[in-house]
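Please look over the sequence and the model before reading the notes on packing, charged pairs and backbone. The model is predicted, and every value below is computed from it.

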Amino acid sequence: MRYLLAVFSLLILITETRSQNIDSSSVGKVYSLGEVLISEKTNRSSVTSAEMRKFNSSDAGSSVRILPSIILSSFSSRNESTVFLHGFDTRSVPVFIDGIPVYVPYDGYVDISRFITYDISRIDVSKGFSPVSYGANAIGGVINLISMKPAHRFELNAMAGSMSGKSRKTAVNIGYNPGKFYLQSGFSSIKRSFFPLSSSFDTVSSERDHKRDNSASEDIKFSFKTGYTPNSRDEYSLNYIFSHGSKGNPVYLGNDKNTKVRYWKWPYWDKQSLYYISRTSIGDRSSLKIRAYLDQFRNKVSSFDDNTYSTQKGKSSFNSSYDDNTLGANAELSTDMFKNNHLVLSMHIKNDNHNDFNNDDPSGKFSDYTFTAGIDDVHKANDKLRLISGISYNMRMGTQAKSYDTGTNDFLSYPGDQNSSVNAQTAAEYSMSRSTITFSAAFKNRFATMKDRYSYRLGRGIPNPSLKPENSLNLSLSSAISPVENLTLQTEIYVCRLFNTIQLVDNVQDDLSQMRNTGNSLFSGFDLSVDYEPFAFLNLYAAYSYIRRRNMTNPEILFTNVPENKIFLSAELNPAKKLTIDLCSEHNGGSFSTTDGSRYAHAFFILNASITFRFTDSFSLNSGINNLLDRNYLYEEGYPEPGRNFFISAFLDIKR
């Protein structure tokens, strides 16, 4: 760490006389080609790069947790972080980078903690009502990570830090933009040997100290972007992202004797995306945006006999690998030719392919095609009222599904299947001098994933190839009000009626589970956020979320991992020009960890604190403590989260 600080100091001395005065929290211009916007603010919230730095967020999951409606949780049995939006998980809230779908083709999930954000300029979260130009399966909304683009001739952003658990992180982004073209490249790395447990954690036979066993992880990311801007309206860009991850899987430490302990490691969790995006003007009032992409995902999980992670002789031991890819393209034709209307016609097609390998068995092969055609329209009725509407046709066609049966040493093949639906939505947005009120209604669907339909879940599940798509009717009433200067209140009341709910049902046959259409469900909730700056040196922020999820047809089948109540509070204090003190706290209510209620994660409260000192306009130092009160808390029963842990980071930002 001291060597990196010395290098930073030298760079400051070299460049300080030539660098511009900048906000040290700003780390790059938003890459506008990566945006998917119809209406500027309707049902959309954002997290900026400055906020990510403020809250010491290094991955997408920890970044969006500050927003109301977002619940950060985990599938701890796989050591995966996930988020829920209005109660919907990432199968129904797909994750994009620059409008490119990056969720895993096989199951629709994504380990959101694997997406490092040091080269991300903004994260957009659309709730319920979202542009149909995102494509299919956005039943609960979307999350779009928008990368950065250089705005100056030369830009350099660098970071180096260390954390408790023998952990370190580094990042470097370099941009060049002399005018007609630009280059942007980035490298980031986060490595952790273990995470410390709270001192209030009672050690057990399988966890004898307060260093969480098998919690090591490493993530490395490389990104590159090049673009050409012949004029102010046209732009052509080629992008490449490569991510490598490896991780352990801490074992279950709960009280449920029926929960099997897994001794798992992921030697690799690799993802790469190559994509082209362009925007070409057509006359004075229209433009065409095109995206074409290849997204690849490979991972391997190894199951061992015991906590030595050295032998694989038992029946439960295996090596399972995924080799997935998505090839797709979409086009958006935008026009303002019609008076008081902004119209966007979009078309998407993508082919998802999944290959899995268990030990030395032959590969299972699965393939889906998804097609979407849609129209979005923003109509300006008058200076205060805007009407936003959209309609789309979605189709998913399963073209191949065969898995290898180790019992018969033969392939099990399933016939091709096809589902289609029409999605429609509308919203009215009324704006006054200090407030905006929006009502929206959206009818959307989600197709069952390959895993939903065909997975045996490592011998613990029963396939269900006849799953129907689930549909939802989302109703929302929201407002943004600024009754006085420096005070903003945002509220939302929403109801989601879910039909043909796709839900994992535990213990349907002995201890086996199955994905089923469990009938009709109702998600309802209320969100409130307050942003207030009572003094120039103090900013206060509070966000509260209430959500209730219940299966109306089968109320005994419980929804998991989402508490009914969540509170996020933060205070930013600037006692001196170059000094900032940040406090933030989070309260999550309790939640069930299984659909039969046999496991329950209790409510918790955690407090984080940090201090930032800006030595110059280009160089700053940030240090702090997470889980300051050293609480023993968990998102999923049996999997304790980190106790008190420390961090320190140095940042260098140069633009000229």
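The points that follow are grouped by topic, beginning with the nonpolar cores and ending with backbone angles.

This is a predicted model. Its largest nonpolar core has 54 residues, and a count of salt bridges in the structure comes to 29, whereas a search of the whole structure for disulfides finds zero.

**Nonpolar cores**

- Within the largest core of 54 residues, the members with the most contacts inside it are I123, V125, I143 and L145.
- The largest share of this core comes from strand β3, residues 70-75, which supplies four residues.
- Apart from this core lies another one, of 14 residues, and its members include Y106, W264, F366 and A401.
- If neighbours within four places in sequence are left aside, I143 is in contact with V83, V93, P94, V95, F96, I112, I123, D124 and V125, a list in which I123 and V125 are themselves among the residues with the most contacts inside the largest core.

**A buried threonine in a strand**

- T370 has its place in strand β18, which covers residues 364-380, and it counts as buried because its relative accessibility is 9%, where the cut-off is under 20%.
- Once neighbours within four places in sequence are set aside, the residues in contact with T370 are A136, H348, I349, K350, M395 and R396.

**Cysteines**

- No disulfide is found anywhere in the structure, since the search returns zero.
- Two cysteines are nevertheless buried: C496 has a relative accessible area of 2%, and C584 has one of 7%.

**Salt bridges**

- The side chains of D452 and R91 meet in a salt bridge with an N to O distance of 3.3 Å; the pair links distant parts of the chain, with D452 in helix α4 (residues 450-454) and R91 in the loop between β4 (80-85) and β5 (95-97), 361 residues apart.
- Both D452 and R91 are buried.
- E235 forms a salt bridge with K149, in which the closest N and O atoms are 3.1 Å apart, and this pair too links distant parts of the chain, namely strand β13 (residues 235-249) for E235 and strand β8 (residues 141-149) for K149, 86 residues apart.
- Under the cut-off of 20% relative accessible area, both partners count as buried, because E235 has a value of 3% and K149 has a value of 8%.
- D417 forms a salt bridge with R453, the closest N and O atoms being 3.7 Å apart; D417 lies in strand β21 (residues 417-431) and R453 in helix α4, so the pair ties together parts that are 36 residues apart in sequence.
- D417 and R453 are both buried.
- Salt bridges that share partners join D89, R91, R446, D452 and E470 into one network.

**Positive phi angles outside glycine**

- N56 is not a glycine, yet its phi is positive, at about 55°; N56 is found in the loop between α2 (49-54) and α3 (60-64).
- Y309, also a residue other than glycine, has a positive phi near 50°, and Y309 lies in the loop between β15 (286-303) and β16 (318-335).
- Although Y309 is in a loop, it is buried, with a relative accessible area of 16%.

Definitions and conventions: Residues are numbered from 1 along each chain as its sequence is written. This is a predicted model: local features need pLDDT of at least 70, side-chain atom pairs count only at pLDDT 80 or more; totals for chains, interfaces and linings use all residues. Side-chain values use heavy atoms; hydrogens and water are left out. Helices (H or I, at least four residues) and strands (E, at least two) are DSSP runs, numbered from the N terminus. Buried means under 20% relative accessible area, exposed over 50%, partly exposed in between (1.4 Å probe, protein chains only). A nonpolar core is a set of buried Ala, Val, Leu, Ile, Met, Phe, Trp, Tyr and Cys residues joined through side-chain atoms within 4.5 Å. Contact means heavy atoms within 4.5 Å. A disulfide is a pair of cysteine sulfur atoms within 2.5 Å. A salt bridge is a side-chain nitrogen of Lys or Arg within 4 Å of a carboxyl oxygen of Asp or Glu.
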